[in-house]
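Reader: I should be grateful for a close look at a single part of this protein. Please describe that part in full, and then set it in the context of the rest of the chain.

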Amino acid sequence: MSKSIGNVVCPKEVTDKYGKSALRYFLLRSGGLVDDSDFSLELCTAKYNDELANTLGNLLSRCTAQKIMNTDTWPHDTSDVDEDWISKINLLSEKVSRHYDRFDVPRAIDTIMSLLKEVNAHFSAKEPWKLAAQLRQDPTVSEDVGKRLDSITLISLHSVRVSAILLLPIVPDISRKLLDVLGIPEGKRLFKDAVWDSGTNNNYCYTIQRDLDNAQIPHNDHSRDKTKKKEKNILIPKLEL
């Protein structure tokens with residue numbers, strides 16, 4: 001991009017079309033204090049869609065889908081949660097804070113996205129929709145099935161919660177929207193809250209908020225007409241050129 005060549009982009013035009021979060025995210029994601037970075041609308045939208053829409057927003061959409069959560073209240077049973085996952089989530093804040101302290105925002109985002117992609121892979125591998133289907137078909141199925149489903153859901157929910165808090169300095173509008181949907185109180189959104197305390201099962205009592213104006217997330221209505229077109233969760237809509 002050069003003023004002499006004339007291949008410049010008007011920031012206002014970009015934000016008017018794609019929103020300030022997209023431009024803000026790309027500049028902080030791809031920029032740096034040492035090296036120059038390339039900019040194009042294609043790169044901007046691709047990075048936003050891949051990481052914010054597909055990785056972060058989609059994870060929350062998947063784990064709060066009505067076929068996974070039959071209630072809007074967060075699960076409380078952590079007995080089946082692998083301690084390794086709790087450690088990974090708790091270490092995330094420490095790692096990201098170190099990068100922020102060095103003004104290395106790209107690496108901070110890399111660290112967050114790396115965990116979220118790992119959680120997405122875990123979610124897909126464990127196939128919680130099959131566990132939820134078993135519970136719906138036979139509520140008397142073994143208690144182990146319910147515990148496994150709660151474990152997968154909690155790992156996903158806490159990963160999104162912690163990531164949204166850590167992304168507040170970068171995309172505050174999107175982070176606040178996700179935290180609102182998660183039901184996280186305003187007083188629980190500081191960096192010190194970006195941990196998962198497994199010491200007590202009832203140290204949180206969060207409820208998914210499905211009636212927010214900007215939260216395009218469907219209600220858990222199992223009586224709906226199954227012949228209707230499947231409703232999609234769109235917490236962070238993709239951008240189009």
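**Helix 8 and its surroundings**

Author: The buried residues of helix 8 are Pro172, Ile174, Ser175, Lys177, Leu178, Leu179, Val181 and Leu182. These assignments come from a predicted model. Because 8 of the 11 residues of helix 8 are buried, the helix is largely enclosed by the rest of the structure. The cover over these buried residues includes helix 2, helix 3 and helix 7. Directly after helix 8 comes Gly183, which has a positive phi, near 80°.

The setting of this helix is an all-helical arrangement: the protein has 8 helices and 0 strands. Read from the N terminus, its elements follow the order α-α-α-α-α-α-α-α. Of its 241 residues, 43% count as buried. Among contacts between residues at least 6 apart in sequence, 73% join residues at least 24 apart. The protein exposes about 13100 Å², of which carbon and sulfur atoms supply 49%.

The interior may be considered next. In soluble globular proteins, nonpolar side chains tend to be buried together. Here the largest nonpolar core contains 64 residues, and those with the most contacts inside it are Leu52, Leu60, Leu182 and Ile236. Each of the following supplies at least two residues of this core: helix 1 (11-18), helix 2 (20-30), helix 3 (41-63), helix 4 (83-101), helix 5 (105-126), helix 6 (128-137), helix 7 (143-166) and helix 8 (172-182). Helix 7 gives the most to this core, with 11 residues. Leu182, one of the residues with the most contacts inside the core, is also among the buried residues of helix 8.

Leu60 shows how helix 8 is joined to this interior. Residues up to four places away in sequence being left aside, Leu60 touches Leu157, Val160, Leu178, Val181, Leu182 and Leu235. Among these partners, Leu178, Val181 and Leu182 are buried residues of helix 8.

Two cysteines deserve mention. Cys44 counts as buried because its relative accessibility is 1%, and Cys63 is likewise buried, with a relative accessible area of 0%. A disulfide is a covalent bond between the sulfur atoms of two cysteines. The count of disulfides in this model is 0.

Helix 7, part of the cover over helix 8, also carries His158. His158 has a relative accessible area of 2% and is therefore buried. Its side chain makes a polar contact with the side chain of Arg161, at 3.1 Å. Arg161 also appears among the contacts of Asp193: apart from neighbours within four places in sequence, Asp193 is in contact with Arg161, Ile165, Gly187 and Lys188. Asp193 lies in the segment after helix 8. With a relative accessibility of 11%, Asp193 counts as buried, since the limit for that class is under 20%.

The segment after helix 8 also takes part in an aromatic pair. The model contains 3 aromatic pairs. One of them joins Tyr100 and Phe191 in a tilted arrangement, with 6.0 Å centre to centre and 35° between the planes. This pair links distant parts of the chain, since Tyr100 is in helix 4 and Phe191 is in the segment after helix 8, 91 residues apart. Tyr100 counts as buried at 15% relative accessibility, whereas Phe191 is partly exposed, with a relative accessible area of 30%. Phe123 and Trp129 form a tilted pair, because their ring centres are 6.2 Å apart and their planes lie at 45°. Phe123 is buried, with a relative accessible area of 2%, while Trp129 is partly exposed at 28%.

Finally, the backbone has two further points to note. Most residues other than glycine have a negative phi. Phe103, although not a glycine, has a positive phi of about 60°. Phe103 is placed in the loop between helix 4 and helix 5, and at 62% relative accessibility it counts as exposed. Glu127 is also not a glycine and has a positive phi of about 50°. The location of Glu127 is the loop between helix 5 and helix 6, where its relative accessible area of 28% makes it partly exposed.

Notes: Residues numbered from 1 in each chain as written. Predicted model: local features only at pLDDT ≥ 70, side-chain atom pairs only at ≥ 80, totals over all residues. Heavy atoms only, no water. Core = buried A, V, L, I, M, F, W, Y, C linked by side-chain atoms within 4.5 Å. Buried < 20%, exposed > 50% of the residue type's maximum accessible area, 1.4 Å probe, protein only. Helix = DSSP H or I, 4+ residues; strand = E, 2+ residues; numbered from the N terminus. Contact = heavy atoms within 4.5 Å. Disulfide = S-S within 2.5 Å. Polar contact = N/O pair within 3.5 Å; in protein donor to acceptor, adjacent residues only side chain to side chain. Areas by Shrake-Rupley, 256 points an atom, 1.4 Å probe, with all protein chains shown as cover. Phe/Tyr/Trp six-rings, centres within 6.5 Å; stacked < 30°, edge-to-face > 60°.
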